[in-house]
Every structure is written in C-alpha cells, then in structure tokens.
Amino acid sequence: ALTERLNAVFKRLSGRGRLSERDVDEALREVRLALLEADVNFRVVKGFIERVRSRATGAEVLEGLAPAHQVVRIVRDELTALLGGKAQALVLDPPWPAVVVMVGLQGSGKTTAAAKLGYFIHKRHGRRVLLVAADLQRPAAIEQLRILSQQAGCGFFSAGHGLSAPDVARAGVACADKEGYEVVVVDTAGRQHVDEELMEEARRIVEASRARQVLLVVDAMTGQDAVNVARAFAERVGVHGVVLTKLDGDARGGAALSVREVTGAPILFAGTGERLEGLEPFYPDRMAGRILGMGDVLSLIERAEQAVRADEARSVLRKIREDSFGLDDFLDQLRQVRRMGPLDQLLSMIPGLGQAKALKGLNVDEKELNRVEAIIQSMTPSERRNPAIIDGSRRRRIAAGSGTRVQDVNRLLRQYEEARRMMRLVTQRGGAALPPSGLP
Ligand code: GDP
Ligand code: MG
C-alpha cells in the first residue's frame, strides 16, 4: 500500500514539466501521509520530510528546472539513508568462539533467525556453529531449535532442569570452547510485550555469554509496535544489529523504515521466508527501491547468479529471445529455481509480475520435480520443443505414460507458459531497475 501511494504521488508530479515549490510541498504532504499510514514512526517521518524538503527546495529544484524524477531520486536517496545507507555485514572475528545472542518479542522469529544465521555462517563462511537453546519459557522452543540445528548443519546445546537461562548460555559457550566451535548463536525467550523481566533476563544472558553481537529480531509486519520494542531493547540491553523478519509477506514497511533510526543499529539481515535459506544480507538501497515500487531486480539477479552459472543463464536468455525455450529447458529452470528458493518469492521481486498467478502454487519440492520430470519424459522430443502441439489426446497419452493425471499435465503446461511469459518480460526489461510507472 505504501508503494502504491508513493507511486500515485510521483505519477501526479510527473504530469508537470517543471516543479514549483508548491508542487513539491503538495507532493511531500502526500508522502508524509503515505509514510504515516504505513505506520512509520511520526518522529522519523518528520525528520525525513524535512530532509527531503530542504534538498528538494534547495539549489536542486528552486529554479523550477528540476523534473519530477529528481524528487523521486531525492526521496529514494533519503529512504536509503533512513534504512542505513550502505549495506553492513555481520563481522565475526577470532578469538573464537564468537557469541551472537538473538533477542526480541515472542513470535518475532528469533528461533528461526538463529537457525538461519547458523546455516548462513556455516554455509557462507564454513564456520562451525553451535546453536544454544536458552529459551526456557516454552519447552517446545528447545525441540524446535534442535530440529532446525540438524537441518542447518549446526551443533546444538541445551541443558537439563534447574539451570537459569543465563546459566544455559554460559554453559553453551563453555561447551563451544571445549569442542572447537567458532561461532555460538544463542536463542532466547520472548514475551508478548516488553516487560521488566524480559529485559533483565536478556541483559543477563548477554552478560553471561559475553556476547560479541546482540541481534534484535524484529517482525517487519508489526509496524509501530516494533519500534517501541526496538527502542526498549536498544536502551536496556544494547543492540548491535537488527534482523528484520517476514519481509516476504506484505509488510507495510513501517518497521523497516523506523527501526534503524530508533535503535541506531544497522539492519544486517532480512528474513524472507520460513525456510533456512530465507535469510539475506540487507541492502538499504534495494529496500528503498522496493518501497518505491522499482522492484528489487538486483537482489533477484544476485540470487539467480548464486544458483545459475553464467553460461547457463546466457543460453536460456538466447533461447527466450529466439523463442526456442522448450519444456526440457523449463525442467532445467525448475531444477535451478529449486536451488534459489520459492518461485513466487522470486516473482514478487520483479516489477509488475506479482500477478503471475499460475506460478503461485508451484512449490518446487522434490516430489513435484519428480512428477514434472516424469511428465516431460513421457513427451516426444518434438512435443518438448514445441508444446503448442500438445492437444487433448496427446495430453491423455502423456498422463497415462507418466502415471499422472491429465490435470497434472495441464497444470505443468500452464506453468510452463507462465514461466516463458515471465522470462520474456524480464529479458525485455534487460534486468535494469525501472523507474516508477509514469515517469520519464
Ligand atoms: P520466536 O518466538 O521469536 O522464536 O519466533 P519463531 O522463530 O518461532 O517464528 C515464529 C513464526 O514466524 C514461525 O511460524 C516461523 O516459521 C515464522 N517466521 C519466522 N521468520 C519468518 C520469515 O522471515 N518469513 C516468514 N514468512 N515467516 C517467518
Ligand atoms: Mg523461539
């Protein structure tokens, strides 16, 4: 909604050739409302609007020479600054073990983020990571972390009855030290609301574990509440960095825009799904672009590059251009997509493609992939190259041959068409970031 409102403002501006101070004022009033409506902290909004106004009515625009997109650029720059400016990485150095403590409210995604972070550090940096279960409020939390730690390829530590959470954290670090783990990630308990007890426990865990990094986990969906939480943790416990979770949902953006300014700590990671792979470094400029509706093409490209070798990508692009992208290629794509993460998530990053409905249900898990493979293998080479010839009787034959139902074949063909359409669009756009619609 924030994105749509901002787009409407800029669209109106773009109708004018030159901007007067009044145009700028009017636009900024709208931007201000859009931000407040998105639940951005009002003090943050006030400062933001003042900065944009002083730049937009200063030397850059005052002569009335500035086209509308200059205002967009200023808003974009200031949004980027608000989100922290340059991307910052989590730095963990020897001496080992380096301890990271996750704090935040219940349900914010701490346990998930702890496991994702362990997975990330292990996978990216090859470090041995121990996950420590210091959430003693809910017995299920310990089991949740134990299971996640196995999936993440991390060690796991929990302690039996009688120990307090800070004691568990201390014992976990001692265990890591003894067993040669390089990084320790401590999961802690949350409450529904900020309270004295929660803060005190978090503080004592940080102290007992001699945490190098305290990461505040904030649910991006919670808007204004999240800001109060962030402030309380920053003041009472001390926060080195923020993990913003659930950015895959339709977060209003309010928390993202306020949390950096309110805590003074950089947003280090974005949580983008329930899976272990759903954790990405946070890029302020890309997030700003996303909020402005420019689509996060850069993130998309980067993720794609991790999974697809450049020559594979080139050959796919060529095939799309030549319109010879067939079902065999589609199967290859599905295999690659599987390495990249859920397809609908990738789609939502491409401007204008949020509505590629047929692809929404396409969860590329192993079973689905096997079925797709069976169906495609039951096709003749010419059917694979030119799926347009697959009529009703061919569909029945293919279904019978692959041990699937005609609906399965239909669905696959629909998904293939949708994927082809999508890739053609991306190719036409050349992968460059787009200005908001309606702007020069
Ligand atoms: P905790 O109480 O702070 O430890 O929160 P959990 O880690 O148990 O997460 C609460 C719920 O949010 C779980 O259902 C998670 O699967 C979900 N969750 C966590 N992070 C994300 C995320 O980045 N995206 C989505 N969609 N769900 C998430
Ligand atoms: Mg938890």
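Which residue follows α2, and what is the sign of its phi? Here are some notes on this predicted model, starting with that spot.

1. The residue just after α2 is D39, and its phi is positive, near 75°. You may like to look at this residue alongside the helix that comes before it.

2. Helix α2 itself takes in residues 21-37, which makes 17 residues. From first C-alpha to last, α2 reaches 24 Å, close to the 24 Å expected at 1.5 Å a residue.

3. The buried residues of α2 are D23, V24, A27, L28, V31, A34 and L35. They sit on the same side of α2 because they cover an arc of only 125° around the axis. An α-helix has 3.6 residues a turn, so residues three or four places apart point the same way. On the face of α2 turned away from that buried side, R22 and R29 are exposed.

4. Helix α11 (residues 284-291) is largely enclosed by the rest of the structure, because seven of its eight residues are buried. Those buried in α11 are P284, R286, M287, A288, G289, R290 and I291.

5. Now to the ligand. Around ligand 1 there are 18 residues, and the closest are G109, K110, T111, T112 and G271. Helix α5 (residues 110-125) gives the most to this shell, contributing three residues.

6. What is the make-up of the shell around ligand 1 in nonpolar, polar and charged residues? There are 14 polar and four charged residues, with no nonpolar ones.

Technical notes: Residues numbered from 1 in each chain as written. Chains lettered and ligands numbered in written order. Predicted model: local features only at pLDDT ≥ 70, side-chain atom pairs only at ≥ 80, totals over all residues. Near = placed C-beta within 6 Å. Helix = DSSP H or I, 4+ residues; strand = E, 2+ residues; numbered from the N terminus. Nonpolar A, V, L, I, M, F, W, Y, C, P; charged D, E, K, R; others polar. Expected span 1.5 Å × (residues − 1). Buried ≥ 20, exposed ≤ 12 C-beta atoms within 10 Å, placed from the backbone. Arc of directions from axis to C-beta.
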